[in-house]
Amino acid sequence: MDRRDNSGFPRQQSLLRAPEVCIYCGAPADTRDHVPPKLLLEEPLPPNLLTVPACWKCNNGCSDDERYVRDALHLVGFGEISREKTAPGGVVARSLEHSPLLGQKMNQAHVAGEDGRILFQPALDRFSRIMVKIGAGLWFGLHHRCVTASAFKCETVQHTHCISTWLVDVASFPGQSSGWPEVGSQELRRAAEAWPNQRDHRRLREWTKVQACVFEYLFVPKSPRQDGLFCVMNLYDTVWGLVSCPPPPPETRTRNRRR
Ligand SMILES: [Zn+2]
């Protein structure tokens, strides 16, 4: 018998606190998935890195996207880590050498903006998929409840050079910008120089630092009128993602209030 409730999970399992079903699709979980993926972190990995139950397909099905996201974000990253990874012999440089197709895709990501500037416009759908997966994993880590991944939606993925003071009002986060600064461009260098000022805005709220300046995230309520949370993620001070998440389950809300 496979009766399912509204969450898409078998009725009985959905009542368990931490069901051993894949948190992304509801199939039986036979692996543990790292959240965020190891590819988007630095060695040594944090000792208490979150893992969540996942089926083999969901655990491994995004590895191409993860690699794409890692390579693209370091190409337009301006930190020391990104410079090392993209320099000859670095992990991104080697990845692009070994996969000419991926290298070709990065080259094709250069587009002309309306004002004539050359911009870097990576495949944002690949970023979105990874952001949704991470957001769902972090949400599960917080609430130990499964809801299907379709309850999560990536609202936007931005290069940090577009970010100004939006953290004050996360709901007014701007839509997709026309593009990211071109790899190796003056604009990217200027963004790097401006970044220390931008970083000050992050002090406004308490971020959970999985690894400082590598992967940090924050859950914020959407607004008094909207039920739900936003998960804001900062990858390498270079890319920001905003994922719309369901509200916390009622039990967690009560427990949090008592604290
Ligand atoms: Zn799955």
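## Exercises on a predicted model

The model is predicted. In it, strand β8 (residues 215-223) and strand β9 (residues 226-235) run antiparallel and are joined by 8 bridges.

**Exercise 1. Find which residue of β9 stands opposite Tyr217.**

Step 1. Start from the pair β8 and β9, which run antiparallel.
Step 2. Look across from Tyr217 into β9: the residue opposite is Met233.

**Exercise 2. Work out the strand order of the open sheet of 5 strands, and say which strands stand at the edges.**

Step 1. Recall the principle: strands of a sheet pair through backbone hydrogen bonds, either parallel or antiparallel.
Step 2. Write the order down: β5-β10-β9-β8-β7, with antiparallel pairing.
Step 3. Go to the edges. β5 (153-159) and β7 (208-211) each have a single partner strand, so one side of each has no neighbour in the sheet.
Step 4. Add the twist. On average, neighbouring strands of this sheet are turned by 20 degrees against each other, direction ignored.

**Exercise 3. Find which strands helix α7 lies across, and its angle to β5.**

Step 1. Locate α7 at residues 124-143.
Step 2. List the strands under study: α7 lies across β5, β8, β9 and β10 (239-245).
Step 3. Read the angle: α7 runs at about 120 degrees to β5.

**Exercise 4. Describe the largest nonpolar core and trace the contacts of Met131.**

Step 1. Recall the tendency: in soluble globular proteins, nonpolar side chains tend to be buried together.
Step 2. Count the core: the largest one has 56 residues.
Step 3. Name the residues with the most contacts inside it: Met131, Cys231 and Val243.
Step 4. Ask where its largest share comes from: α7 supplies 9 residues.
Step 5. Trace Met131. Beyond its neighbours within four places in sequence, Met131 is in contact with Cys154, Val157, Met233, Gly241 and Val243.

**Exercise 5. Decide whether Ala109 is buried, partly exposed or exposed.**

Step 1. Place Ala109: it sits in the loop between α6 (100-108) and β3 (110-112).
Step 2. Count its surroundings: 19 other C-beta atoms lie within 10 Å of Ala109.
Step 3. Apply the cut-offs: buried needs 20 or more, exposed needs 12 or fewer. Ala109 is therefore partly exposed.
Step 4. List its contacts, not counting residues up to four places away in sequence: Phe120, Gln121 and Pro122.
Step 5. Compare sequence with space. Ala109 and Trp180 are 71 residues apart in sequence, and their C-alpha atoms are 10.0 Å apart.

Terms used: Residues numbered from 1 in each chain as written. Predicted model: local features only at pLDDT ≥ 70, side-chain atom pairs only at ≥ 80, totals over all residues. Helix = DSSP H or I, 4+ residues; strand = E, 2+ residues; numbered from the N terminus. Contact = placed C-beta atoms within 7 Å. Pairing = 2+ DSSP bridges. Axes fitted to C-alpha atoms, helices over the stretch in contact; angles between N-to-C directions. Core = buried A, V, L, I, M, F, W, Y, C linked by C-beta atoms within 7 Å.
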